[in-house]
Amino acid sequence: MLRTVHATRYVTPLREGGSLPAIVEADDEGLYVLKFRGAGQGPLALVAEVIAGEIGRVLGLRVPELVTMEVDSALGRNEPDEEIRDLLEASTGLNLGLDYLPGALMFDPAAGDSADPTTASTAVWFDSFVGNVDRTARNPNLLWWHKSLYFIDHGASLIFQHNWCTAEANAVSPFARVGDHVLLPWATEIAAVDPGLRARLGMSIFSEILAMVPNGWLTEDRSAYVRYLSARLQAASSFVEEALRARAELV
Ligand SMILES: Nc1ncnc2c1ncn2[C@@H]1O[C@H](COP(=O)(O)OP(=O)(O)OP(=O)(O)O)[C@@H](O)[C@H]1O
Ligand SMILES: [Mg+2]
């Protein structure tokens, strides 16, 4: 289960985020990056954040703790910026919070950053599994914090949930955008990590993760997601082969 906290103070917007996420303080005195249910991307982006984020965690990647955060109408009352006030108003109720990592820096290959082969290979496998297109050199969504890499921003993954008639075909398809993955240059162990990663996932893990998603965000049964994820896992060879091919083309 995800912990639930209550928002107590809107601290500052993160202007670089397309969905206008913000740093918000909660009643446990923690600071969180709040992703709003009322943002343009809609609640399914939060569904993707939870499902993909928790799958990444099960695979051994570092993902900041996810919580659900209750926002009430008092939070935006004194907010001078109209866009922010509207967003807060449209988001009363449950939203998604990520533990805020103070002082974290974005991964930047142009500045000489690199990743260890296991992390990079696991990340390529993971992003291929959930179909995450937001892990490119231009927009890596990878934060350095205390000398470790943290994985954020999974809202654009699991695209099939926006159009369920594509789900069956999507589940067995390779991840065509893997060639743009920012960690592909260091992903030298994809074949080696593959069996172990497959073994960590399965129907019961998927069901546990779906149970973390709040009712009000879903427009489809949890069992439909579990079926999709199980089918994708069954077909893992298709995206693993594509990743190996893309990696061989790099070198
Ligand atoms: N847990 C966190 N700790 C510290 N900084 C964070 C955290 N989560 C996000 N950020 C910062 O906030 C920015 C926006 O977050 P995120 O990428 O999740 O939002 P987004 O609206 O989906 O972004 P975009 O669509 O522009 O990629 C990140 O690029 C990062 O700089
Ligand atoms: Mg981002």
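Which polar backbone atom is 2.9 Å from a nitrogen atom of ligand 1? I looked, and it belongs to L101. Note to self before going on: this is a predicted model.

**Ligand 1, backbone contacts**

I went through the other backbone contacts next. D99 puts a backbone N or O atom 2.8 Å from a nitrogen atom of ligand 1. On the oxygen side, I found an oxygen atom of the ligand 2.8 Å from a polar backbone atom of G18. Then I checked how covered the ligand is: on its own, ligand 1 has 620 Å² of accessible area, and the protein covers 85% of that.

**Ligand 1, the shell**

I pulled the residues around ligand 1 and got 18. G18, S19, K35, D99 and D153 come nearest, so G18 and D99 turn up here as well as in my contact notes. I sorted the shell by type: nine residues are nonpolar, five are polar and four are charged.

**Ligand 1, where it sits**

I asked which pocket holds the ligand, and ligand 1 turns out to sit in the largest pocket. Why does ligand 1 lie between domain 1 and domain 2? Because both domains, 1 (3-99) and 2 (105-141 + 160-250), give residues to the shell around the ligand.

**Cavities**

Last job: I searched the whole structure for cavities of 30 Å³ or more, and one came up. I put the volume of the largest cavity at about 50 Å³. Which residues line the largest cavity? My list reads N132, V133, R135 and T136, then F175, R177, V178, D180 and H181. By type, the lining of this cavity splits into three nonpolar, three polar and three charged residues.

Key:
Residues numbered from 1 in each chain as written. Chains lettered and ligands numbered in written order. Predicted model: local features only at pLDDT ≥ 70, side-chain atom pairs only at ≥ 80, totals over all residues. Heavy atoms only, no water. Near = heavy atom within 4 Å. Polar contact = N/O pair within 3.5 Å; in protein donor to acceptor, adjacent residues only side chain to side chain. Areas by Shrake-Rupley, 256 points an atom, 1.4 Å probe, with all protein chains shown as cover. 1 Å grid on protein atoms, 1.4 Å probe; cavity = no way out; pocket = protein on both sides within 12 Å on 5 of 7 lines; lining within 4 Å. Sits in = over half its atoms within 2 Å of the grid points. Nonpolar A, V, L, I, M, F, W, Y, C, P; charged D, E, K, R; others polar. Domains from an automatic or database assignment. Points joined across faces, edges and corners; volume = space filled by probe spheres on them.
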